[in-house]
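Got the model open in your viewer? Switch to cartoon view, keep the selection box handy, and follow along.

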Amino acid sequence: MSAVRLTGDRATLRDWTPSDVEQLPDLLAPHRPWHDTNGPYFGRPTEEQLAAKVTRMTETAALLPEDLSHPRTSLAVADTGSNRLIGEVSWYWESEPTGWRRMGVVIFDEVYWGGGYGTDALRLWTGYLFETTDALRLDFATYSGNQGMTAVGRKLGFTEEARFRNARPWNGEVYDGLVFGVLREEWLARVDGLG
């Protein structure tokens, strides 16, 4: 299998490279503001957890494309113009026996927030996963305090499928847990309508 590279107007999804790994310690550092939007109620990762992630990504970046999983479970998000690493898309099994994948996107570099990079990345990732798997649905989980992610989901035509009220206490406030989903036929109809 060849390397994966999906290019959007703002964001490009691609396989991880050794130069990405060099940037990760700074982008993943506990002081970075993305930790306040990406499940902050779980607490900030420890230095050991971050080092373990960098080690995993180093191992992934060293693999040849044919040795990587298909579909990819994670891709780097880069700025299309500069190819600079700015984030990550990923997925995991919510229920492997039923083929239910839950996905996510995080823009590590706050300089790129609000510029459409997250929307572009999630659009590319959703299309890639529907093209390379037999998934009937895809979804992502967030919380009501992450207004950027809820806006991305709505902009891309995802439906708010679940709202778990007062499920996420954090920083002196209580937020709702949210799940946004899209069915394969909904996504394909939307893509066909844009084409």
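In what sense do β6 and β8 pair, and over how many bridges? Select both strands: β6 and β8 are antiparallel, joined over seven bridges. Before going on, some ground rules: this is a predicted model, with local features needing pLDDT of at least 70 and side-chain atom pairs counting only at pLDDT 80 or more, while totals for chains, interfaces and linings use all residues. Residues are numbered from 1 along each chain as its sequence is written, and side-chain values use heavy atoms, with hydrogens and water left out. Element names come from DSSP runs numbered from the N terminus: helices are H or I with at least four residues, strands are E with at least two. Two strands count as paired if DSSP finds at least two bridges between them.

**Stop 1: β8 and its partners**

Stay on β8 (173–183). Pick Phe 140 and you'll find Phe 180 in β8 as its bridge partner. How many of the eleven residues of β8 are buried? Eight of them are, so β8 is largely enclosed by the rest of the structure. (Buried is under 20% relative accessible area, exposed is over 50%, and partly exposed is in between, using a 1.4 Å probe and protein chains only.)

Now add β7 (159–170). Eight bridges join β7 to β8, and the two run antiparallel. Along the pair, Arg 168 stands opposite Tyr 175, and Arg 163 has Leu 178 as its bridge partner. The two strands form a hairpin with two residues between them. Zoom in on the turn and click Asn 171: its phi is positive, about 55°, although it is not a glycine. Asn 171 is also exposed, with a relative accessible area of 63%.

**Stop 2: the whole sheet**

Zoom out and colour the strands. The open sheet has eight of them, in the order β1-β2-β3-β4-β5-β6-β8-β7, with mixed pairing. At the edges are β1 (5–7) and β7, each with a single partner strand, so one side of each has no neighbour in the sheet. Neighbouring strands are turned by 25° against each other on average, direction ignored. (Axes here are lines fitted to C-alpha atoms, for helices over the stretch in contact, and angles run from 0 to 180 degrees between N-to-C directions.)

Next, select β2 (residues 11–14), which four bridges join to β3 in an antiparallel arrangement. There, Ala 11 stands opposite Asp 79 in β3. Then bring in α1, which packs on the sheet and touches β2, β3 and β4, its direction making about 85° with that of β4. (Contact means heavy atoms within 4.5 Å.) Helix α3 packs on the sheet too, touching β1, β2, β3, β4, β5, β6 and β8, with its direction at about 155° to that of β5.

**Stop 3: α2**

Select residues 47–62: that's helix α2, with 16 residues, reaching 23 Å from first C-alpha to last, close to the 22 Å expected at 1.5 Å a residue. (The expected span is 1.5 Å times one less than the number of residues.) Show side chains for Leu 50, Lys 53, Val 54, Met 57 and Ala 61, which are buried. They cover an arc of only 100° around the axis, which puts them on the same side of α2. (The arc is that of the directions from the helix axis to the C-beta atoms.) The buried residues pack against α1 (18–28), β3 (74–79) and β4 (85–95). Spin to the other side of α2 for the exposed Glu 48, Glu 59 and Ala 62.

Follow the loop between α2 and β3 to Pro 71. A cis peptide bond joins His 70 and Pro 71, with omega about -5°. Most peptide bonds are trans.

**Stop 4: α4**

Jump to helix α4 (residues 147–155), where Met 149, Thr 150, Val 152 and Gly 153 are buried. They span an arc of only 155° around the axis, which puts them on the same side of α4. What covers them includes β5, α3, β6 and β8. On the other side of α4, Gln 147 and Lys 155 are exposed.

**Last stop: one more loop**

Finish in the loop between β3 and β4, where you'll find Asn 83. Its phi is near 65°, a positive value in a residue other than glycine. Is Asn 83 buried or exposed? Asn 83 is partly exposed, with a relative accessible area of 34%.
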